[in-house]
Amino acid sequence: MEEQQRYFSRELLRWYLDNRRDLPWRRQHNAYYTWVSEIMLQQTRVSTVIPYFERFITKFPTPTALADAPEEEVLKAWEGLGYYSRARNLQAGAREVKEKYAGVVPNDKAAVASLKGVGPYTTGAIMSIAFNRSEPAVDGNVMRVLSRYFRLHDDIAKPATRVHIEHIARDLIPDGHASDFNQAIMELGALVCTPKSPACLLCPVMEHCAGRLAGEETLLPIKTKAKPPKPELRYAALIEGTGVNKGKLLMRQRPESGLLARMWEMPHILVPKQMSVAGLPDAEAQDMLRGALHQEGLAVLPMERFMDAEHTFSHIHWQMRVFRCSIAEDAAVPEGYAFIGPNDREEYAFPNLFVRLLDAYFGEQEV
DNA sequence: AATACGGGGAA
DNA sequence: TTCCCAGTATT
């Protein structure tokens, strides 16, 4: 092994012992905590995850507790965290651990890798962090740190690059220190070797960092840009209940799979692209909304514009125009719809966009 | 190999 | 605004 590599592993480990953050999932050694935290941390910042992790572990302290919980409760605990299939996959994994491994996360790479929602990174993270096994755990941090340190010009957006860097990372793990080393390299990426302006002068391995020595620390890593989100115009119906449903809004549950699976939303329609370019007059928009909802067995009458709202997902940009609608007190409500009041909100999981709309509506009612 | 899949924080 | 974050599943 080259001196540049031994130096990296030695100095990084030394640095980590002094700079390790005190995080909830590091307070005690528990493979389930490692698993839950790693799933939550996928594409999600540490500061965002911390409160979710605390609540989640309090509510579901063991794999068996998670396995036995109602699915809606798990989804509600995930509300606002995003990538909601993670919640369902995690619970599916917990059920498998309960059934096949007596509720204990197995110290077995193949078994862990086969759990739902656990890919190459998370497999390596669980095996190394929880069981101190010498497996690489290559995430965005690790690709950035190693791209800079070894001055790799491969496009980290390409799957083949992750595989390449996994081999490099595996060779760097000091015998018997996989857990600390893998956390150390990610910690360095999060605290020092940051994406925009890396703090090279604070870096424990700057002396032999090829990227920095070449003056390329801000050029690396190479990453092709993602394409911009596709714009979509949507018309939504804010349907106020009357009689026994006074003070409540009619909401519906999204399908089992796809975007925001099984979460609750305001009934709405996608406006065909041709008509959405210039937008429609309110009268025509309301007529389109009324007709589309009628097709679904919902007889409502759009009355006036309530508000506009926008939301950007990774790949779609929603521009939503919300119309206040009236509905007859004895009107039929199709399967999957429910009247939800301010006191019922804890029973249902909503995507961020509809949390904002509900806040706007119920906030207005209080005043 | 490309695309679907959320949301928020930092610069 | 832009980037991108302790990625995975599906196609």
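Let's start in a loop. Pro-221 sits in the loop between α12, residues 210-213, and β1, residues 230-240. Look at the bond leading into Pro-221. The peptide bond from Leu-220 to Pro-221 is cis, and its omega is near -5°. Before going on, a caution: this is a predicted model.

Another backbone feature belongs on this slide. Arg-151 is not a glycine, yet it has a positive phi of about 55°. Where is Arg-151? Find the loop between α9, residues 140-149, and α10, residues 159-172.

Stay with those two helices. The axes of α9 and α10 cross at roughly 75° and come within 10 Å. Angles from 65 to 115 degrees count as roughly perpendicular, so α9 is roughly perpendicular to α10. Who makes the contact? From α9 we have Val-142, Met-143, Leu-146 and Ser-147. From α10 we have Arg-162, Ile-165, Ile-168, Ala-169 and Leu-172. Sort the contact of α9 with α10 by class and you get 7 nonpolar, 1 polar and 1 charged residues.

Next, a second helix pair. Helix α1 covers residues 3-19, and helix α11 covers residues 178-191. They pack at an angle of about 75°, with their axes 9 Å apart. That angle makes α1 roughly perpendicular to α11. The α1 side of the contact includes Phe-8, Leu-12, Leu-13, Trp-15 and Tyr-16. The α11 side includes Phe-181, Ala-184, Ile-185, Leu-188 and Leu-191. Polar and charged residues take part too, among them Ser-9 and Asn-19 of α1 and Asp-180 and Glu-187 of α11. The tally for the contact of α1 with α11 is 11 nonpolar, 3 polar and 2 charged.

Follow the chain to the loop between α11 and α12, and you find Pro-195. Which residues does Pro-195 touch, leaving out those up to four places away in sequence? They are Arg-144 and Arg-148. Now compare Pro-195 with Glu-217. They are 22 residues apart in sequence, and their C-alpha atoms are 9.4 Å apart in space.

Strands now. β5 runs over residues 300-312 and β6 over residues 316-327. The two are antiparallel, joined by 11 bridges. A hairpin of 3 residues connects β5 to β6. For one of the pairings, take Val-300: its bridge partner in β6 is Ile-327.

On to the DNA, beginning with strand B. 18 residues lie around DNA strand B. Which of them come nearest? Tyr-84, Leu-259, Leu-260, His-311 and Ser-314 do. What part of the strand faces the protein? Of the strand B atoms within 4 Å of the protein, 59% belong to sugar or phosphate, and the rest to bases.

Some particular contacts with strand B. The side chain of Thr-44 has an N or O atom 2.9 Å from a base nitrogen. Leu-81 uses its backbone: an N or O atom there lies 3.4 Å from a base nitrogen. His-311 goes to the phosphate instead. An N or O atom in the His-311 side chain is 2.8 Å from a phosphate oxygen of DNA strand B. By class, the surface near strand B has 7 nonpolar, 9 polar and 2 charged residues.

Last, DNA strand C. How many residues surround this strand? There are 24. The closest are Gln-43, Gly-117, Thr-122, Asp-139 and Asn-141. Among the strand C atoms that come within 4 Å of the protein, 62% are sugar and phosphate.

Which side chains reach the bases of strand C? Arg-21 has a side-chain N or O atom 3.2 Å from a base nitrogen. Glu-38 also has a side-chain N or O atom 3.2 Å from a base nitrogen. Gln-43 contacts the phosphate: one of its polar backbone atoms is 2.8 Å from a phosphate oxygen of strand C. Two elements give two or more residues to the surface near strand C: α8, residues 120-131, and α9. We met α9 earlier, packed against α10. By class, the surface near strand C holds 8 nonpolar, 7 polar and 9 charged residues.

To wrap up, one thing to find on screen for each DNA strand. For strand B, look at His-311 and the phosphate oxygen 2.8 Å from its side chain. For strand C, look at Gln-43 and the phosphate oxygen 2.8 Å from its backbone.

How values were computed. Residues numbered from 1 in each chain as written. Chains lettered and ligands numbered in written order. Predicted model: local features only at pLDDT ≥ 70, side-chain atom pairs only at ≥ 80, totals over all residues. Heavy atoms only, no water. Near = heavy atom within 4 Å. Polar contact = N/O pair within 3.5 Å; in protein donor to acceptor, adjacent residues only side chain to side chain. Nonpolar A, V, L, I, M, F, W, Y, C, P; charged D, E, K, R; others polar. Pairing = 2+ DSSP bridges. Helix = DSSP H or I, 4+ residues; strand = E, 2+ residues; numbered from the N terminus. Axes fitted to C-alpha atoms, helices over the stretch in contact; angles between N-to-C directions. Parallel < 35°, antiparallel > 145°, perpendicular 65-115°, else oblique. Contact = heavy atoms within 4.5 Å.
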